[in-house]
Amino acid sequence: MEKKVSTLTILLIAVIVVTLALAGGGFYMFKQEQKKNLDLYDKLDEISTKQRITETKLKESEKFIVDLQQRLLDAKSQMDTLSAGLQQEKAARQEATAKLELLRTDLEQQKTLRADLEKKFSQAQEDVRNTQAQLSDLQSQKATLESKVKDLETKTQGVELGKIVVSPEVSASTETKDKKEKTAKEEVVQGLEGKVLVVNKDYNFAVISLGSKDGVSLGDVFEIYHNNKSIGEVRIEKVHDSMAAAGFVNTDIKNKVSEGDKVTQKVK
């Protein structure tokens with residue numbers, strides 16, 4: 001009987017020990033499971049938090065993408081505008097280049113024209129210097145001619161009409177007076193006679209010894225005789241008291257006429 005009680009006691013103790021062991025194991029597992037659950041809850045919260053943060057970042061990214069797309073559109077629009085401006089700039093540059101080439105061509109032409117003008121100007125200056133030299137020479141000749149004219153006017157004072165040889169001396173003899181009267185009568189019929197005093201080949205005129213006191217008028221025509229041979233005609237262009245300037249009707253005679261040649265008025 002005691003052995004049965006001992007066995008039952010042992011069995012009961014064993015059952016209690018096993019039960020306690022199972023209870024302890026179950027409790028431990030419960031704790032472990034509870035800890036796992038808490039860890040899972042923490043991880044779930046962390047994941048939820050990360051998910052919210054990710055969603056927030058995703059929204060921000062979407063917003064940023066939208067902003068980037070808008071910027072891209074704006075950039076594309078600006079690029080199109082810049083491209084159009086570039087095309088216009090390119091066209092303007094081509095036009096400017098064409099104008100520049102035209103200006104260069106004009107500049108070359110202007111340089112050529114300037115060189116021609118400078119050459120012509122130099123030639124004109126040379127011509128002016130030559131003309132001034134000729135003018136000085138002509139003025140000198142004019143002064144000489146005026147001096148000669150004054151001398152001739154002084155020498156021809158008191159000479160009678162139609163006298164061929166100009167001389168300040170007058171003979172008082174009766175024979176000379178008769179010859180003068182006869183010569184005057186012939187001149188009325190044949191025209192006035194005189195001689196060439198000065199020849200100016202540069203200006204194509206000659207000065208004769210007859211003037212307004214002798215009845216010479218502008219436009220009168222005189223024939224010139226060299227060695228008693230007719231060589232041409234002169235026409236009165238300027239009249240003084242005792243002499244007149246006559247232009248050559250034919251310029252060829254200027255190389256034939258000489259001072260002292262006879263002139264005879266052509267009667268109309």
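# Exercises on a predicted model

Asn-204 lies in the loop between β1 (193-200) and β2 (205-208). The model that holds this loop is predicted.

**Exercise 1.** Determine what is notable about phi of Asn-204, and whether the residue is buried, partly exposed or exposed.

Solution. Step one is the backbone: phi of Asn-204 is near 55°, which is a positive value in a residue other than glycine. Step two is the accessibility. The relative value for Asn-204 is 24%. Buried requires under 20% and exposed over 50%, so Asn-204 counts as partly exposed.

**Exercise 2.** Locate Asn-227 among the strands and classify its accessibility.

Solution. Begin with the location: Asn-227 is in the loop that runs between β3 (221-226) and β4 (229-239). Next, take the backbone angle; Asn-227 is not a glycine, yet it has a positive phi of about 55°. Finally, Asn-227 has 65% relative accessibility, so it counts as exposed.

**Exercise 3.** Describe the order of secondary structure elements along the chain and state what share of the residues is buried.

Solution. Count the elements: there are 2 helices and 6 strands. Then read them along the sequence, which gives α-α-β-β-β-β-β-β. For burial, the chain has 268 residues, of which 18% count as buried. The accessible surface comes to about 20,800 Å², and carbon and sulfur atoms account for 57% of that surface. As for contacts between residues at least 6 apart in sequence, 60% of them join residues at least 24 apart.

**Exercise 4.** Analyse two salt bridges of helix α1, Asp-67 with Arg-71 and Arg-114 with Glu-118.

Solution. Side chains of opposite charge can pair when their charged atoms come close. For Asp-67 and Arg-71, the closest N and O atoms are 3.3 Å apart. The cut-off is 4 Å, so the pair forms a salt bridge. Both residues lie in helix α1, with a spacing of 4 residues, about one turn of the helix. Asp-67 has 32% relative accessibility and is therefore partly exposed.

For the second pair, the N to O distance between the side chains of Arg-114 and Glu-118 is 3.1 Å. These residues too are in helix α1, 4 residues apart, or about one turn. Arg-114 is exposed at 57% relative accessibility, whereas Glu-118, at 43%, is partly exposed.

**Exercise 5.** Work out which parts of the chain are linked by the salt bridge of Lys-266 and Glu-233.

Solution. Start from the distance: the closest N and O atoms of Lys-266 and Glu-233 are 2.5 Å apart. The pair links distant parts of the chain, since Lys-266 is in the segment after β6 (262-265) and Glu-233 is in strand β4, 33 residues away. Both ends are partly exposed: Lys-266 has 38% relative accessibility and Glu-233 has 25%. In total, the structure holds 7 salt bridges.

**Exercise 6.** Identify the residues of the nonpolar surface patch and the ring over which the charged end of Lys-262 sits.

Solution. The patch is made by Leu-12, Ile-16 and Leu-20, and its area is about 300 Å². Of these, Leu-20 is in helix α1 (residues 2-155) and is exposed, with a relative accessible area of 57%. Turning to the ring, the charged end of Lys-262 sits over Tyr-225, 5.1 Å from the ring centre. A search for aromatic pairs gives 0 in the structure.

Terms used
Residues numbered from 1 in each chain as written. Predicted model: local features only at pLDDT ≥ 70, side-chain atom pairs only at ≥ 80, totals over all residues. Heavy atoms only, no water. Buried < 20%, exposed > 50% of the residue type's maximum accessible area, 1.4 Å probe, protein only. Contact = heavy atoms within 4.5 Å. Areas by Shrake-Rupley, 256 points an atom, 1.4 Å probe, with all protein chains shown as cover. Phe/Tyr/Trp six-rings, centres within 6.5 Å; stacked < 30°, edge-to-face > 60°. Lys NZ or Arg CZ within 6 Å of the ring centre and 35° of its normal. Patch = residues over 30% accessible without salt bridge, like charges linked within 9 Å, V, L, I, M, F, W, Y side chains within 5 Å.
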